[in-house]
Amino acid sequence: MNKRKTVATISALLALGLGASACGGGGSSDNSNSGGTGKADAAINGVANPTSKKGGTVTAEISNAPDSLDPGNTYYGWVQNFSRLYARTLMTFKPVPGKANLQVVPDLATGPGTGSADAKTWTYHIRKGVKFQDGTEITSKDVKYAIERSNFAPEALSNGPTYFKTYLDADGGYKGPYKDKSPDGLKSIETPDASTIVFHLSKPFADMNYLATFSQTAPVEQKLDKGASYQQAIQSSGPYKFSSFNESTGATFVRNPEWDPKSDPIRKAQPDKIVLKYNVNQTTIDEHLINDDTTVDIQGTGVASKTQPKLLVNPKEKAQTDNPYAGAEQFLALDNKVKPFDNVNCRIAVQYATDKAGMVDAVGGSVKGVPATTVIPPTVAGYNKFDLYPSAGNKGDVAKAKQYLAKCGKPNGFSTTLTARSDRPDEVQAATQLQESLKKVGITANIKTFPSGKYFTDFAGVPDWVHKNNAGMMMMAWGADWPTGYGYLDQISDGRAIKPSGGTNLEELNDPAINAEFDKAIATVDNTARNAEWGKIDQMIMKQGSIVPLFYKKNLLYRPTSAANVQVTAAYLGMYDYTTLTSTK
């Protein structure tokens with residue numbers, strides 16, 4: 001999450017996005033293959049199996065179910081990506097392979113938002129003639145209503161992020177569209193005409209065009225909104241509409257006849273039909289992919305660990321894999337409110353004691369990740385390579401660790417609790433390996449595991465529980481809400497993100513200097529200067545020692561031979577871009 005820009009400068013810079021090197025896209029089955037099928041990593045910087053053919057069915061499977069397919073009630077990265085097929089947002093990420101897919105481009109809007117010089121007022125113009133599936137023309141009021149319902153009605157829609165609420169209702173006076181029946185609604189969003197929407201923010205936010213990519217800006221017809229049950233009858237604004245939906249088994253999508261490709265520069269909409277299946281065992285999904293019985297594992301986090309060797313030892317199967325960075329990181333949070341981690345030297349001792357190379361080996365080797373030395377991952381704007389706590393081969397430095405243990409008054413080590421998520425085997429394995437490396441310097445880490453669904457609401461994300469249970473160490477994995485330094489760092493290291501429950505700043509880092517630097521960075525309108533600020537904040541966080549970067553995560557993805565127009569999108573955590581994906585079946 002980041003923020004930046006100035007009037008004309010803001011629009012111009014965000015139109016250019018991150019600049020991007022990129023690689024072309026698309027092509028047809030008659031053209032040369034820019035990525036090629038049957039070649040490992042073909043979809044990372046190119047398009048694997050390109051085709052211009054329309055028709056066919058994309059079958060997508062997932063091992064669980066999403067929080068919701070309602071664009072206004074989700075925080076899942078794959079739903080943000082997938083929902084673009086039926087929900088158009090103000091802005092989106094460019095559907096091309098390579099680093100260029102980090103570029104923010106207009107979708108429902110006619111162009112990037114125009115920001116005031118102080119980055120507090122943002123104006124967007126909406127394309128005229130775009131319709132919902134019922135034929136009703138989409139207006140600025142539909143976008144405003146979508147934001148009101150998704151951010152200000154937690155009694156019905158509680159799953160999504162609340163950035164809009166933070167910046168549009170600082171005093172908390174607006175009660176949401178289900179309770180506030182006034183005709184003006186949220187006064188900080190104005191709709192002077194049917195195609196104009198103006199956001200009046202309470203403080204500078206130069207990342208507004210990134211925030212405008214969130215599915216919460218997808219329009220909703222107020223007369224058809226049913227709160228939490230809206231996902232059972234979502235009105236499409238994209239090329240596909242729901243033909244069936246079941247909360248337990250999934251959904252089927254068919255073409256939306258009201259979608260006009262002339263108004264949509266983003267989507268090719270090649271398949272005739274998309275079938276989404278929930279709650280399929282992960283190893284079964286892997287088998288379906290290898291046997292070409294399904295098109296994609298929609299969660300986009302890669303095959304199961306037990307499937308991995310089967311793909312890597314067989315050249316034919318390996319040629320159908322892509323192994324991109326996930327835009328995410330596994331790290332260790334050290335709570336500086338839990339003794340002895342209230343002493344920075346004890347935290348630095350853990351930095352040096354950690355064998356990151358051994359941890360990568362423990363979770364499956366280089367296809368699962370590479371040792372990390374920064375908080376910001378390499379695929380996020382603002383990344384700057386550095387290492388404040390170096391060790392030979394990233395295996396840890398026992399002598400240095402003991403030196404800092406002596407400095408913090410614990411020369412013989414200490415005992416603490418290390419938490420991890422029980423249903424994430426790689427995380428538990430990483431915690432176990434960490435436990436072994438810490439023993440070498442006299443630190444005893446007693447592992448306690450908890451289910452993912454309650455990890456933040458009942459355990460690691462609850463400071464009171466952490467303090468009472470001496471949980472000084474907590475395993476954590478994090479991916480950017482959007483691929484900028486702010487989108488990555490804010491919720492895990494800004495002191496104002498600390499919450500009594502459900503928080504993700506697990507280390508309880510609340511450094512006034514870092515908080516102030518966040519405010520400075522988010523108000524910086526120049527793109528280059530803003531990215532430099534994120535790198536500076538990263539170093540400030542690392543000097544505090546409260547976050548121990550473990551490894552930059554990678555996904556081992558498999559593309560069946562029938563999957564076409566396959567390309568990885570770094571903007572959505574290294575999964576495939578679902579707006580381009582099609583099938584030759």
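Which residues does Asn-256 touch, not counting residues up to four places away in sequence? The legends below take up this residue and several other sites in a predicted model.

**Figure 1. The surroundings of Asn-256 in the predicted model.** Not counting residues up to four places away in sequence, Asn-256 touches Gln-133, Ser-236, Gly-238, Pro-239, Tyr-240 and Lys-241. Asn-256 itself is found in the loop between strand 9 (250–255) and strand 10 (273–277), and, because its relative accessibility is 3%, Asn-256 counts as buried. For orientation against a later view, the C-alpha atoms of Asn-256 and Ala-570 are separated by 28 Å, the two residues being 314 residues apart along the chain.

**Figure 2. The protein chain as a whole.** The secondary structure of the protein chain comes to 17 helices and 23 strands, and its C-alpha trace spans about 70 × 60 × 40 Å along the principal axes. The radius of gyration is 24 Å, which agrees with the value near 25 Å that a compact globule of 585 residues would have. Buried residues make up 60% of the 585 residues, while the accessible surface comes to about 21100 Å², of which 51% belongs to carbon and sulfur atoms. When contacts between residues at least 6 apart in sequence are considered, 73% of them join residues at least 24 apart.

**Figure 3. The second largest pocket and its lining.** About 480 Å³ of space lies in this pocket. Of the 21 residues that line the second largest pocket, the closest to its centre are Lys-99, Leu-102, Pro-378, Thr-379 and Ala-570. Sorted by class, the lining of this pocket has twelve nonpolar, eight polar and one charged residues.

**Figure 4. The largest cavity and the residues around its centre.** The structure holds seven cavities of 30 Å³ or more, and the largest cavity has a volume of about 100 Å³. Among the 17 residues that line the largest cavity, Leu-85, Pro-271, Ile-274, Tyr-578 and Leu-581 lie nearest its centre. The lining of the largest cavity divides into twelve nonpolar residues, four polar residues and one charged residue.

**Figure 5. Helix 10 (residues 356–363) and its packing partners.** Six of the eight residues of helix 10 are buried, so this helix is largely enclosed by the rest of the structure. The buried residues are Lys-356, Ala-357, Gly-358, Met-359, Val-360 and Val-363, and they pack against strand 14 (369–371), helix 12 (425–439) and strand 18 (547–554).

**Figure 6. Thr-123 and its contacts in and around strand 5.** Thr-123 is found in strand 5, which comprises residues 121–125. Leaving aside neighbours within four places in sequence, Thr-123 is in contact with Gly-113, Thr-114, Thr-196, Ile-197 and Val-198. One of these partners, Ile-197, is 74 residues apart from Thr-123 along the chain, yet the C-alpha atoms of the two residues are separated by 5.9 Å.

**Figure 7. Pro-500 and Glu-508 in the loop between helix 15 and helix 16.** This loop connects helix 15 (485–493) with helix 16 (512–522), and Glu-508 has its place there, as does Pro-500. Pro-500 is exposed, with a relative accessible area of 71%, whereas Glu-508 counts as buried because its relative accessibility is 8%, under the 20% cut-off. Although Glu-508 is not a glycine, its phi is positive, at about 55 degrees. Leaving aside neighbours within four places in sequence, Pro-500 is in contact with Gly-461, Val-462 and Pro-463. Thr-283 is 217 residues apart from Pro-500 along the chain, and the C-alpha atoms of these two residues are separated by 37 Å.

**Figure 8. Backbone geometry at Pro-340 and Leu-573.** The peptide bond from Lys-339 to Pro-340 is cis, with omega near 5 degrees, and Pro-340 is found in the loop between strand 13 (325–334) and helix 9 (344–353). Leu-573, which is not a glycine, has a positive phi of about 60 degrees. The place of Leu-573 is in the loop between strand 21 (568–569) and strand 22 (575–576). With a relative accessibility of 26%, Leu-573 counts as partly exposed, because this value falls between the cut-offs of 20% and 50%.

Key: Residues numbered from 1 in each chain as written. Predicted model: local features only at pLDDT ≥ 70, side-chain atom pairs only at ≥ 80, totals over all residues. Heavy atoms only, no water. 1 Å grid on protein atoms, 1.4 Å probe; cavity = no way out; pocket = protein on both sides within 12 Å on 5 of 7 lines; lining within 4 Å. Points joined across faces, edges and corners; volume = space filled by probe spheres on them. Nonpolar A, V, L, I, M, F, W, Y, C, P; charged D, E, K, R; others polar. Helix = DSSP H or I, 4+ residues; strand = E, 2+ residues; numbered from the N terminus. Rg over C-alpha atoms; globule rule 2.2 N^0.38 Å. Buried < 20%, exposed > 50% of the residue type's maximum accessible area, 1.4 Å probe, protein only. Contact = heavy atoms within 4.5 Å. Areas by Shrake-Rupley, 256 points an atom, 1.4 Å probe, with all protein chains shown as cover.
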